[in-house]
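Open the model in your viewer and keep the sequence panel visible. The stops below each say what to select and what is there.

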Amino acid sequence: DLSDPVEIVMDPDPDNGTIVIDMHIKNQPNRLTVLIGSAFTYQLFVINNGNHTAEGVSVTATIPQNVSYEGISGEYIGQVAYNANTREVTWLPGDMASNQSELLTINVRAENEGLASQLATVSARLTDSNPADNQSTASVEIIALKIPNTFTPNGDGINDFFEIRGLELFPENRIVIFNRWGNEVYKANPYKGDWHGNGLNEGTYYYVFEARLQSDRWQTFTGYITLIRNVSR
């Protein structure tokens, strides 16, 4: 038998019912400058800013060449795998509801000097309404503690101070400078890189620099520094 007439009403939704999501990722290091041999972290923060559940969310982070991967710390959802050949960390947090946010902390160790830039991306099965915020780069400067053996305090604005590269990483430090007869000519606790040899003659001086490491242990560095005032350029 034929049914009664049925009225069909078209959905006025301009998106024709298409479900879209908006995944957003932030990639932040816990420190902007680290010393060679030090451990630090990259923190990946992902959130679904859309109004619908994001299915099959996947996050990928590429570990820089000048750091070594040491694993994941803290609580996280889903699964994490590391591919040593591609240096990629893959995080599969699963489906994420609207406004749901998750965090992953990646532990690494600084191996070589330079800028350690890590690129992280997030994706999902559904169309993302704002792909511009689907990737984020975090950069950390890796430096070595370098104590020079020469400086030229002649007032020309170039190499006028006994500057220790990486000094800012050791806020707890102390230094003593001696002349060649073993007499103390300068001391500071802490040292701020501002010694310019005022009142001293050209020549070789000796330093004892001590710094408290992250392990809470004090380490001593000794050596010589040559003070030169007359420099021809």
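**Confidence first**

Colour the predicted chain by pLDDT, the predictor's confidence in each residue, from 0 to 100. Strand β2 (residues 33–35) has the lowest confidence, at a mean of 87, and strand β6 (residues 79–83) the highest, at 98. Strands here are DSSP runs (E, at least two residues), numbered from the N terminus. For the protein chain the mean pLDDT is 90, with 94% of its residues at 70 or more.

Because this is a predicted model, local features need pLDDT of at least 70 and side-chain atom pairs count only at pLDDT 80 or more, while totals for chains, interfaces and linings use all residues. Residues are numbered from 1 along each chain as its sequence is written, and side-chain values use heavy atoms, with hydrogens and water left out.

**The antiparallel sheet**

Select β1, β3, β8 and β5. These 4 strands form an open sheet in the order β1-β3-β8-β5, with antiparallel pairing; two strands pair if DSSP finds at least two bridges between them. The edges are β1 (23–29) and β5 (67–73), each pairing on one side only. Now narrow the selection to β3 (residues 39–48) and β8 (residues 101–110): 9 bridges join these antiparallel strands. Ala39 stands opposite Arg109 in β8.

**The mixed sheet**

Move to the open sheet of 5 strands, ordered β11-β15-β14-β12-β13, where the pairing is mixed. Its edge strands are β11 (150–151) and β13 (184–188). Select β14 (residues 203–212) and β15 (residues 218–227), which run antiparallel and are joined by 10 bridges. Tyr206 has Tyr224 in β15 as its bridge partner.

**Rings around Trp195**

The structure holds 11 aromatic pairs. Rings of Phe, Tyr and Trp (its six-membered ring) pair if their centres lie within 6.5 Å; planes under 30 degrees apart count as stacked, over 60 as edge-to-face and the rest as tilted. Show Phe151 and Trp195: the ring centres are 5.3 Å apart and the planes at 40°, so the pair is tilted. Phe151 is in strand β11 and Trp195 in the loop between β13 and β14, 44 residues apart. Add Phe162, whose ring centre is 6.1 Å from that of Trp195 with the planes at 85°, so this pair is edge-to-face. Phe162 and Trp195 are both buried (under 20% relative accessible area, 1.4 Å probe, protein chains only). Extend the selection to Tyr186, Tyr191, Tyr205 and Tyr207, which ring pairs link with Phe151, Phe162 and Trp195 into a cluster.

Definitions and conventions:
Buried means under 20% relative accessible area, exposed over 50%, partly exposed in between (1.4 Å probe, protein chains only).
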